[in-house]
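Colleague: I should like to learn how each term used for a protein model is justified. Please set every value against its definition.

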Amino acid sequence: MGLFAANPINVEAVVQTLQLKLFRNNGNEQIFICPFCSHEKEWPKLYLNVQKRAFICHHCHTSGSITDLWAMLTNTDTKTAYKQMLNLESVTIPQRKPMEIAQRKKPQASVEKLHQVYSEFLNKLSLSKEHREDLVRRGLPAGYINYFRSLPEEKHTRWRICSNLAKKYNLDDVPGFIKKVSRLNKPYWDCINSGMLVPVRNIKGKITSCQVRTGGNPKYIYFSYAGQLKSSAHIIPGEGTPWIIEGILKSYVVHSFLKVPCIGIPGTNTYKTIPTGLLRGGRVILAYDIEENPYTAEAKRKAIQFLEENGLKVICASWNPDLGKGIDDACLTLKNQGIKLTPEIFIPGI
């Protein structure tokens, strides 16, 4: 790290003063244990770009500049934070208990309010050419593609949209929006700055949250910040046996191909988001990716156990892995081969 001529802030001294625990040094990218959401396992999640002087945690999605980081951890505004960073010797950082910041849980808006805010937010956005082409490549028809939007990377556009929403709604209890303070000590509203928004709906079709396809690693994050709502399942109701799909976006794709009721869960280990109380008929079909991965295999085993403990019979979908790792890939491959898609292809005799 060290000093930069164009900026008097010594990043190395800042992270040492903040007592951030370094996990890995990748040159211009430093990886730390996140002080906002890490627990006893100390997951390495906070990435600090030294050249850009910006950070992001891919778990709790807290992000900003090095000045924002200081302000958040010292409970000051950014103007004061900048002055303090210039004179580190005179600063005493208060001791923080583990998870102290993450435990500041924010109130949760009602389902109706969440749906109103997210619906209006999505209507103010457009879908980029890149994201549209990706959805077309997955085999999604236009009626499904219209559900998705791209987050504006241009900051002033993003701030304007968020500010307009904040004038109409109180966004304090809506995950994904966060109030920041500028260097001029002026408050403004912001959200995650890039990616494709994937709406997550409940059984009544109300948008309760959103996932973000990042285009990087990790591939998906939740549209929320530390202390806000995290994962929830996406429900596409219908007649017949429900299919549990590993992935929110995949559930849209599978439903477009097979026309079966789908429950999309955010990841392999988020099976507890499945609304078992809404399931009827006594059985479900589980469609996890087919891969030789002990992590996935263990997560699948736990999911089956969870569903069986809730009185459900679990039928596991299967297909030739040459068709694709995920069931969405398998559906697309078979369609491109001219094969008529039916649920029986993956579950013979259902």
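Colleague: What makes the link between the side chains of D190 and K180 a polar contact?

Modeller: The two side chains are joined at 3.3 Å. A polar contact is a pair of N or O atoms within 3.5 Å; within protein, one atom must be able to donate a hydrogen and the other to accept it, and residues adjacent in sequence count only if both atoms are side-chain atoms. The value of 3.3 Å is within 3.5 Å, and the link is therefore called a polar contact. The side chains of D190 and R158 also form a polar contact, of 2.6 Å.

Colleague: What should I know about the origin of these values?

Modeller: This is a predicted model, in which local features need pLDDT of at least 70 and side-chain atom pairs count only at pLDDT 80 or more, whereas totals for chains, interfaces and linings use all residues. Residues are numbered from 1 along each chain as its sequence is written, and side-chain values use heavy atoms, with hydrogens and water left out.

Colleague: How do you know whether D190 is buried or exposed?

Modeller: Buried means under 20% relative accessible area, exposed means over 50%, and partly exposed lies in between (1.4 Å probe, protein chains only). D190 has a relative accessible area of 3%, so it is buried. D190 is found in strand β8; strands (E, at least two residues) and helices (H or I, at least four) are DSSP runs, numbered from the N terminus. By that definition, the chain has 10 helices and 16 strands.

Colleague: Which residues does D190 touch, leaving out those up to four places away in sequence?

Modeller: They are R158, W159, C162, G176, F177, I178 and K180. To touch, or to be in contact, means having heavy atoms within 4.5 Å.

Colleague: Why is C162 not said to form a disulfide?

Modeller: A disulfide is a pair of cysteine sulfur atoms within 2.5 Å. The closest cysteine sulfur to that of C162 belongs to C191, and because it is 3.8 Å away, it is too far for a bond. The search of the whole structure finds zero disulfides. C162 is buried, because its relative accessibility is 0%. C316, in contrast, is called partly exposed because its relative accessible area is 30%.

Colleague: What makes R53 and Q19 unusual in phi?

Modeller: Most residues other than glycine have a negative phi. R53 is not a glycine, yet its phi is positive, about 55°; Q19, also not a glycine, has a positive phi of about 60°. R53 lies in the loop between β3 and β4, and Q19 in the loop between α1 and β1. R53 is also buried, because its relative accessible area is 9%.

Colleague: Why are L279 and R280 given opposite labels?

Modeller: L279 has 11% relative accessibility and therefore counts as buried, whereas R280, at 63%, counts as exposed. L279 is placed in the loop between β14 and β15, and R280 lies in that loop too. Not counting residues up to four places away in sequence, L279 touches P242, I263, I274, V284 and L312. L279 and L312 are 33 residues apart along the chain, and their C-alpha atoms are separated by 8.6 Å.

Colleague: Why is G326 called buried?

Modeller: Its relative accessible area is 0%, so the label follows. G326 is in the loop between β16 and α10 and touches K250, D289 and W319, not counting residues up to four places away in sequence.

Colleague: What makes a space a pocket rather than a cavity?

Modeller: On a 1 Å grid over the protein atoms alone, a cavity is a set of points where a 1.4 Å probe fits but cannot get out, while a pocket is an open set with protein on both sides within 12 Å along at least five of seven lines; lining residues have an atom within 4 Å of a point. The second largest pocket is lined by 44 residues, of which A54, S63, G64, S65 and N193 lie nearest its centre. Elements giving two or more residues to that lining include β4, β5 and α2.
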